[in-house]
Each structure stands twice: as structure tokens, then as C-alpha cells.
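Open the model in your viewer and set it to a cartoon view. The stops below say what to select and what to look for at each one.

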Amino acid sequence: MLPLSLLRTSVGHPMLVELKNGETYNGNLVSCDSWMNVSLREVICTSKDGERFWRIAEAYVRGNQIKYLRVPDEIITLVQDEPMRFGDGQGPGGRGRGRGRGRGGRGRGEGTRGRGGARGGRGAATRGGPPRGGRGGARGRGEQG
């Protein structure tokens, strides 16, 4: 069972969210996304020490601040596992991060380097003619060429 499939199944059900700073939020899950950001309704927020309570109509919790989530037991029986998706950068043959996949070749001067081209400078390279502009040209420096 994947955590996000459990979270998506929990939409519309009550849950408890504890944050890294110790605060807890009890409410009904409205929505969630792939970063585990959650929106809750009819929320009761409890302070870190457990002595103060606030009733909040809606709350949005950023996923990277969540320490843990507690969902009702019946949600676990409702979860349908999502099939693993390949081809989106998360599996064999995907376009994930890795070495040697960037612009140009393997660091030997192949490919382009930003807007200036491989030789640097301004002006577009012309086919069959001398390079225009750039570092090696004589134009613009008082020399005639």
C-alpha cells in the first residue's frame, strides 16, 4: 500500500495530523496532493503542550511539516493499490535524474553553451561563412577586418 493512495482514499473522512513542531490538527480531509499537502475542514487545533485548543473552519498543512497522520481503521480496508507507473521518471527507462543526460556531450566542448553557442559571444553562427561577432571577430573593437 502506498502512502498517497491511503491519503487519497481518506478524502472526506476524519483524520489527525501531527506537525513536526508538536501541534495537532483534527479535522475532515478535503483534499491532498502528491507532496502530501492537505486541506482540512472543521478543524480542532491543539497546542504543543496540549493545554490550548482552537476551532478553525479550514486549515491547509504543508506536507513537509507533517510528522505523522492518523486515519480511521476502516480506511485501510477501502484502499485500492495504485499500479506502479513507469515512464514518468520513477522507474526503469524513465527520465529521472542522472549523470550524462544534460545538454551537450560529456564535457569535451560538444553541444551548445547557453545562448552564445559553443564558441561564445553574440551573433548567430552562419553556415559556410566566417563566424559573426563573438570573441574572435575584429568588428566592434576599432580594427578593420
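Helices here are DSSP runs of H or I with at least four residues, strands are runs of E with at least two, and both are numbered from the N terminus. On that basis, the protein chain of this predicted model reads α-β-β-β-β-β-α along the sequence, with two helices and five strands.

**Whole chain**

Start with a surface view. The protein chain exposes about 11700 Å², and 47% of that area is supplied by carbon and sulfur atoms. Of the 145 residues, 23% are buried. Among contacts between residues at least 6 apart in sequence, 40% join residues at least 24 apart.

**The sheet**

Select the five strands. They form an open sheet in the order β4-β3-β2-β1-β5, with antiparallel pairing. β4 and β5 (66–70) stand at the edges; each has a single partner strand, so one side of each lacks a neighbour in the sheet. On average, neighbouring strands are turned by 30 degrees against each other, direction ignored.

**From β5 across to β4**

Begin at the β5 edge. β1 and β5 run antiparallel and are joined by four bridges. Pick L16 to see one position in this pairing: its bridge partner in β5 is R70.

Move on to β2 and β3, which pair in the antiparallel sense over seven bridges. Here C32 stands opposite V38 in β3. The hairpin of these two strands has five residues between them, and M36 takes a positive phi near 65 degrees.

Now select β3 with β4. This antiparallel pair is held over eight bridges. V38 appears again, standing opposite V61 in β4. V38 therefore has C32 across from it in one pairing and V61 in the other, if the term is read as a DSSP bridge.

**The β3–β4 loop**

Six residues lie between the strands in the hairpin of β3 and β4, where G50 takes a positive phi near 80 degrees. R52 is in this loop too. Is R52 buried, partly exposed or exposed? Its relative accessible area is 48%, so R52 is partly exposed, as the exposed class begins over 50%. Leaving out residues up to four places away in sequence, R52 touches C45, T46 and S47.

**The core**

Next, show side chains in the largest nonpolar core, which has 18 residues; M15, V17, Y25, V38 and L40 touch the most other members. The elements that give two or more residues to this core are α1 (3–9), β1 (14–19), β2 (24–32), β3 (38–46) and β4 (53–61). Which element gives the largest share? That is β3, with four residues.

Centre the view on L40. Not counting residues up to four places away in sequence, L40 touches M15, V17, Y25, G27, N28, L29, V30, A57, E58 and A59. M15, V17 and Y25 in that set are also among the core residues that touch the most other members.

**Last stop: S39**

Select S39, in strand β3. In a regular strand the side chains alternate between the two faces of the sheet. Is S39 buried or exposed? S39 counts as buried because its relative accessibility is 18%, and the cut-off for buried is under 20%. Beyond residues up to four places away in sequence, S39 touches N28, L29, V30, S31, A59 and Y60. N28, L29, V30 and A59 are also in the contact list of L40.

Methods
Residues numbered from 1 in each chain as written. Predicted model: local features only at pLDDT ≥ 70, side-chain atom pairs only at ≥ 80, totals over all residues. Heavy atoms only, no water. Core = buried A, V, L, I, M, F, W, Y, C linked by side-chain atoms within 4.5 Å. Buried < 20%, exposed > 50% of the residue type's maximum accessible area, 1.4 Å probe, protein only. Contact = heavy atoms within 4.5 Å. Areas by Shrake-Rupley, 256 points an atom, 1.4 Å probe, with all protein chains shown as cover. Axes fitted to C-alpha atoms, helices over the stretch in contact; angles between N-to-C directions.
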